[in-house]
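Please open the model in your viewer and keep a selection box ready; each stop below names what to select and then describes what is there.

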Amino acid sequence: MRLLKVATCNLNQWAMDFDCNMKNIKESICRAKEAGAVIRLGPELEITGYGCEDHFMELDTVNHAWDCLKELLLGDWTDGILCSFGMPVIKGSERYNCQVLCLNRKIVMIRPKMWLANDGNYRELRWFTAWKQKEHLEDFLLPNDISEALSQTTVPFGYGYIQFLDTAVAAEVCEELFSPIPPHAELALNGVEVYLNASGSHHQLRKLDLRLRAFIGATHTRGGVYMYSNQQGCDGGRLYYDGCACIVVNGDVVAQGSQFSLKDVEMVVAQVDLDAVASLRGSISSFQEQASCKPKVSSVAVPYKLCQPFKLQMSLSSPLKIQYHSPEEEIAFGPGCWLWDYLRRSGASGFLLPLSGGADSSSVAAIVGCMCQLVVNEISNGDEQVKADAIRIGHYTDGQFPTDSKEFARRIFYTVFMGSENSSNATRTRAKVLAEEIGSWHLDVSIDGVVSALLSLFQTLTGKRPRYKVDGGSNIENLGLQNIQARMRMVLAFMLASLLPWVHSKPGFYLVLGSSNVDEGLRGYLTKYDCSSADINPIGSISKQDLRRFLRWAAVHLGYSSLAEVEAAPPTAELEPIRSDYSQLDEVDMGMTYEELSVYGRLRKIFRCGPVSMFKNLCYKWGTKLTPSEIGDKVKYFFKYYSINRHKMTVLTPSYHAESYSPEDNRFDLRQFLYNARWPYQFRKIDELVQQLDGDRVAITKSTAQETAGVTVDGGMGVVAAGSGNPSAGV
């Protein structure tokens, strides 16, 4: 047996906060050593933080990273343990995203990333160059101060692996695992047994399984020990890095870290037998044959042993059942942890939420309540950092600290029901009951006086007073009256967030939380600069359907039973007067259902469909219940209002990223915001397809009728065959 003890970790790094990052790195090394590990893997770009973005272009960022690495190497941190550190490195005139592998106070090798993440939220090609010289390792001249401090002039730089006396170890950085020809395949044939994957992977609903299947697949047919490290938390932006550090041996997960946590450092340790890797590879004939004619990968020889011989006292790590969260749990814990990081790092004293009693704002309130529960639970489990942060934010004195989530919520969470003459007693009551269940400091205010004052001012200026549509007003008047209410709520929310702490003799300020969902953003069903305009929004990238499922889950599992009633109520903005024969409903206002919006959003973003492609796809999806003409009308209606309202995305509140069809304009969904909303060319193409499909339907109907009457029509089915693909499937 060749026994090897390895450690990987989840680290809650903060972009550009080198003190915070170094504290976590050192803590992780200490814990790895205490566990007896001889390999310690940290996340991608852990020294600087992954989310530095354009700060990577600053020489200061690179120089600070070298200073931090020097501090680690001059101390005893790497004594007896192979450490992989992530940091940017400049070689010549290019900047690379690198893993720096160190042992016994020396740099053994610098491994630049070869395949950069450059889609979705990732823009690595903006800041880094991909390493393309696979054939050999080059000598990298260390910066002068590093060279003098370490008594080391050069270090191998490039694609390769480290050959120890008893095993071979190599790095595979994040995106490289998911590339069409991943490096681990070639490295395995060269005898590499241990892979170190440093990652900066963010949370997205239902994504974890794809990641874990990649680790399992990497070693299932090739053998090997696959170590994965990730950041965990909000490092300063819209993303939540969702941890789940793990160790996989020959296709079996033997150690797995948490996906969501308030901890700054979480270690994942495993003891493995490398002979099991060699045994598996020796049993696969095709592996043996391909290894015999492999392309050679460069290596660095290190005369050092990592493994221990057989010892009965050293037990092996056994395969585990993989832990997955349900989507409802992901919505609770992911945004909850993200909010906590944002709160403790922003200097704010708490949150303020306009709570309408509807599904969206109630979801946000429940997530804040969940955050409070997580904080209290972590304190009870002995986390001193969470305890110190909670004492500071909650302004506890005399040795007190949070022991009850409702009491903690009352200290850091304001909710405000901003009612008007158009608000119902039902929503007012739902907001009040939910606030009591969570424990927030709840206010109930009327905005009618402010709205009336503005309308009087308008009447003084123009001599006219607008009316609602139900009272005989025009669409323009109706929309204007709704927007006045919505915008007054935003102004009032920010005023309360800045002044209520002063009223209650508290220092600091409160962060205003937004509560628009991803579907409303896609459709533009929100007022520009209304309550959707806030400091941050934990649900801005979550669909209405997922939120309703979350509400049902939270009513039971978070203990907020009133959420069941919230979920059952029809969504309404309550911006128009309620009449016996009229009640405003969101889906009626939008002209489409939330379910349809979700379909449009996925086709537009995930499947990259323009109007014509979307129409064709929906003919197959909805063709059994709608005619081509009806489908065409729906597609054109969606794209009309999507394009008219796209400008609203330019000022969308920074939102937690959770969904792959988010229309968020600043980072994820980069498109113009001034459209020709008539889409003349595309809509004309749809009309032509509708006409063609309707002609096919008439021909099919006529042919069927004639055959039923006993008449054979030569070439009758040829009409169908002349259509595009299988037109009958879409009608």
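Select Asn 104, which is partly exposed because its relative accessible area is 34%, where buried means under 20% relative accessible area, exposed over 50% and partly exposed in between, computed with a 1.4 Å probe and protein chains only. Asn 104 sits in the loop between β4 (94–103) and β5 (106–112), the helices (H or I, at least four residues) and strands (E, at least two) being DSSP runs numbered from the N terminus. Before going further, note that this is a predicted model, in which local features need pLDDT of at least 70 and side-chain atom pairs count only at pLDDT 80 or more, while totals for chains, interfaces and linings use all residues. Residues are numbered from 1 along each chain as its sequence is written, and side-chain values use heavy atoms, with hydrogens and water left out.

Stay on the backbone of this loop for a moment. Most residues other than glycine have a negative phi. Asn 104, although not a glycine, has a positive phi of about 50 degrees. Add Arg 105 to the selection: this residue lies in the loop between β4 and β5 as well, and its phi, near 70 degrees, is again a positive value in a residue other than glycine. Arg 105 counts as partly exposed because its relative accessibility is 34%.

Next, move into strand β4 and select Gln 99, which lies in that strand. Is Gln 99 buried or exposed? Gln 99 counts as buried, because its relative accessibility is 0%. Show the side chain of Ser 84 too, since a polar contact of 2.7 Å joins it to the side chain of Gln 99; a polar contact here is a pair of N or O atoms within 3.5 Å, where, within protein, one must be able to donate a hydrogen and the other to accept it, and residues adjacent in sequence count only if both atoms are side-chain atoms. If residues up to four places away in sequence are not counted, Gln 99 touches, among others, Gly 42, Pro 43, Phe 85, Met 109, Ile 110 and Val 173, contact meaning heavy atoms within 4.5 Å. To set a long ruler across the model, measure from the C-alpha atom of Gln 99 to that of Tyr 414, which is 315 residues apart along the chain and separated from it by 44 Å.

From Gln 99, step to Val 173, which is found in the loop between β9 (168–171) and α5 (183–189). Val 173 is buried, with a relative accessible area of 1%. Beyond residues up to four places away in sequence, Val 173 touches Glu 44, Gln 99, Arg 111, Lys 113, Asn 197 and Ala 198.

Now select Asn 24 in helix α1 (residues 18–34). This residue is buried, with a relative accessible area of 2%, and a polar contact of 2.9 Å joins its side chain to that of Gln 13. Leaving aside neighbours within four places in sequence, the contacts of Asn 24 are Leu 11, Asn 12, Gln 13, Asp 264 and Val 265.

Then go to Asn 422, in the loop between β18 (413–419) and α13 (425–438). Asn 422 counts as buried at 2% relative accessibility, and its side chain is joined to that of Gln 485 by a polar contact of 3.2 Å. Although Asn 422 and Ile 578 are 156 residues apart along the chain, their C-alpha atoms are separated by 6.2 Å. Not counting residues up to four places away in sequence, Asn 422 also touches residues including Tyr 468, Glu 574 and Leu 575.

Leu 575 leads on to Ala 486, which it contacts along with Thr 527, Asp 530 and Cys 531, neighbours of Ala 486 within four places in sequence being left aside. Ala 486 is found in helix α15 (residues 475–503) and is buried, with a relative accessible area of 7%.

Finally, clear the selection and view the whole protein, which has 24 helices and 20 strands and whose C-alpha trace spans about 90 × 90 × 50 Å along its principal axes. Of its 731 residues, 56% count as buried. Residues 24 or more positions apart account for 73% of the contacts with a separation of 6 or more.
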